[in-house]
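Biologist: Please take a close look at one part of this model with me, and explain each term as you go. I am new to this, so plain words would help a lot.

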Amino acid sequence: MMRTEDLVTQLAIGLRPVRRLPSPLAMLGLWCLFCAGVIVAALLISGLRADFAAWLMDGFDLYHLMSAALVALTAGYAAFQLALPDRDQRWALLPIPAVVGWLVTMGWGCLADLARLGPEALKLSISYPCLGFIIGLGVPMTAAIVYLTRHAALFRPVPVAALGGLSAAAFASLGLTLVHELNAAVMVLVWHGIAVLVVTCVGALMGPLLMQRAAAV
C-alpha cells in the first residue's frame with residue numbers, strides 16, 4: 001500500500017505554482033496606462049485637432065470628455081471585478097450611470113445645436129474617420145483587455161469581454177475627441193454611438209474565444 005507522503009509527492013509532480021492576481025484597481029491602473037500609450041501614439045500620428053485650445057474652454061465638449069472617461073474607467077473596473085470568480089455579478093451594472101451621463105451630454109448638445117441652428121443641426125452626413133478611428137483603435141485595445149482578463153474564460157467570459165470592449169471603445173472615443181472635430185452634436189451621437197456599439201459587440205462575440213486561447217497558452 002502506498003504511503004501518504006508518496007501519494008502527495010506523486011500528486012504534486014508537475015504542478016505549477018499559482019500566482020495571486022493583482023487587485024482590480026491595480027489592473028485598472030495598468031489598463032489605463034496602456035490606453036494612454038495607445039492614444040498618445042495616435043496623437044503623434046494624427047496630431048491634435050486644430051481648435052484644441054478653444055475646444056478646452058467649451059463646456060459641452062469638456063463634459064462629453066469627462067463622461068466618456070468615466071465610462072471607460074467604470075466599464076474597465078467592472079470587467080476586472082467580474083473576472084474574479086468570487087465577485088458579485090452586479091458589478092456589471094457599474095458603468096450604467098456613466099453611460100447614461102454620456103448619452104445625456106450628447107443629447108443635450110443636439111438640443112443646443114437645434115436651438116442655435118434649427119433643422120440644419122440635425123443634418124447627418126457619413127463620417128468614416130470617426131467610425132474608422134474608434135473601431136481601428138477599439139478592437140485591438142479590446143483584445144488587450146481580453147488578454148488581461150483571460151482567467152475569466154471559464155465562468156463569465158461574455159460580460160467581462162463586453163465590458164472590456166465598452167471600456168476600450170470609450171477610450172478610443174476619447175482619443176478621437178482629441179484629434180478630430182465634429183461641429184454637430186448629432187454627428188457625435190450617431191457615429192461615436194455606432195462605433196462604440198460595434199466594438200462592444202465584437203468584444204462580446206470574439207472575447208470568449210480569445211480568452212480560452214490565451215488561457216490555454
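I would like to look at the aromatic rings and the helices that carry them. How many aromatic pairs does a search of the whole structure find?

Modeller: Happy to help! Before we start, this is a predicted model, in which local features need pLDDT of at least 70 and side-chain atom pairs count only at pLDDT 80 or more, while totals for chains, interfaces and linings use all residues. Residues are numbered from 1 along each chain as its sequence is written, and side-chain values use heavy atoms, with hydrogens and water left out.

Now to your question. Searching the whole structure gives three aromatic pairs; rings of Phe, Tyr and Trp (its six-membered ring) pair if their centres lie within 6.5 Å, and planes under 30 degrees apart count as stacked, over 60 as edge-to-face and the rest as tilted. One of the pairs joins tryptophan 31 and phenylalanine 34: the ring centres are 6.0 Å apart and the planes are at 20 degrees, so this pair is stacked. Both residues sit in helix α2, three residues apart, which separates them by about one helical turn. (Helices, H or I of at least four residues, and strands, E of at least two, are DSSP runs numbered from the N terminus.)

Are these two rings buried or exposed? Tryptophan 31 is buried, with a relative accessible area of 0%, whereas phenylalanine 34 is partly exposed at 37%. Here buried means under 20% relative accessible area, exposed means over 50%, and partly exposed is in between, using a 1.4 Å probe and protein chains only.

Tryptophan 31 also pairs with phenylalanine 171: their ring centres are 6.0 Å apart and their planes lie at 75 degrees, so this pair is edge-to-face. Since phenylalanine 171 belongs to helix α7 (residues 157–179) and tryptophan 31 to α2, the pair ties together parts that are 140 residues apart in sequence. Phenylalanine 171 counts as buried, at 8% relative accessibility. Ring pairs link Trp31, Phe34 and Phe171 into a cluster.

The next step is to see how the helices themselves pack. Two packed helices are described by the angle between their axes and the distance between the axes. The axes of α2 and α7 are 10 Å apart, at an angle of about 30 degrees; axes are lines fitted to C-alpha atoms, for helices over the stretch in contact, and angles run from 0 to 180 degrees between N-to-C directions. The two helices are therefore roughly parallel; angles under 35 degrees count as roughly parallel, over 145 as roughly antiparallel, 65 to 115 as roughly perpendicular and the rest as oblique. α2 passes α7 in a right-handed crossing, a name used when the near helix is turned clockwise from the far one by less than a right angle, with anticlockwise being left-handed.

Which residues of α2 and α7 meet? On the α2 side they are Trp31, Cys32, Cys35, Ile39, Leu43 and Ser46, and on the α7 side Ser167, Ala168, Phe171, Gly175, Leu178 and Val179. Contact means heavy atoms within 4.5 Å. The contact of α2 with α7 holds nine nonpolar residues, three polar and no charged; Ala, Val, Leu, Ile, Met, Phe, Trp, Tyr, Cys and Pro count as nonpolar, Asp, Glu, Lys and Arg as charged, and the others, Gly among them, as polar.

Helix α2 (residues 24–46) also packs with helix α6 (residues 128–148), with axes that come within 11 Å and cross at roughly 155 degrees. That makes α2 roughly antiparallel to α6, and this crossing is right-handed. Trp31 and Phe34 are among the α2 residues that make this contact, while those from α6 include Phe133, Leu137 and Met141. The contact of α2 with α6 divides into 13 nonpolar residues, one polar and no charged.

Let us step back to the whole chain. There are eight helices and zero strands, and the C-alpha trace spans about 90 × 35 × 25 Å along its principal axes. Of the 217 residues, 42% are buried. Among contacts between residues at least 6 apart in sequence, 86% join residues at least 24 apart.
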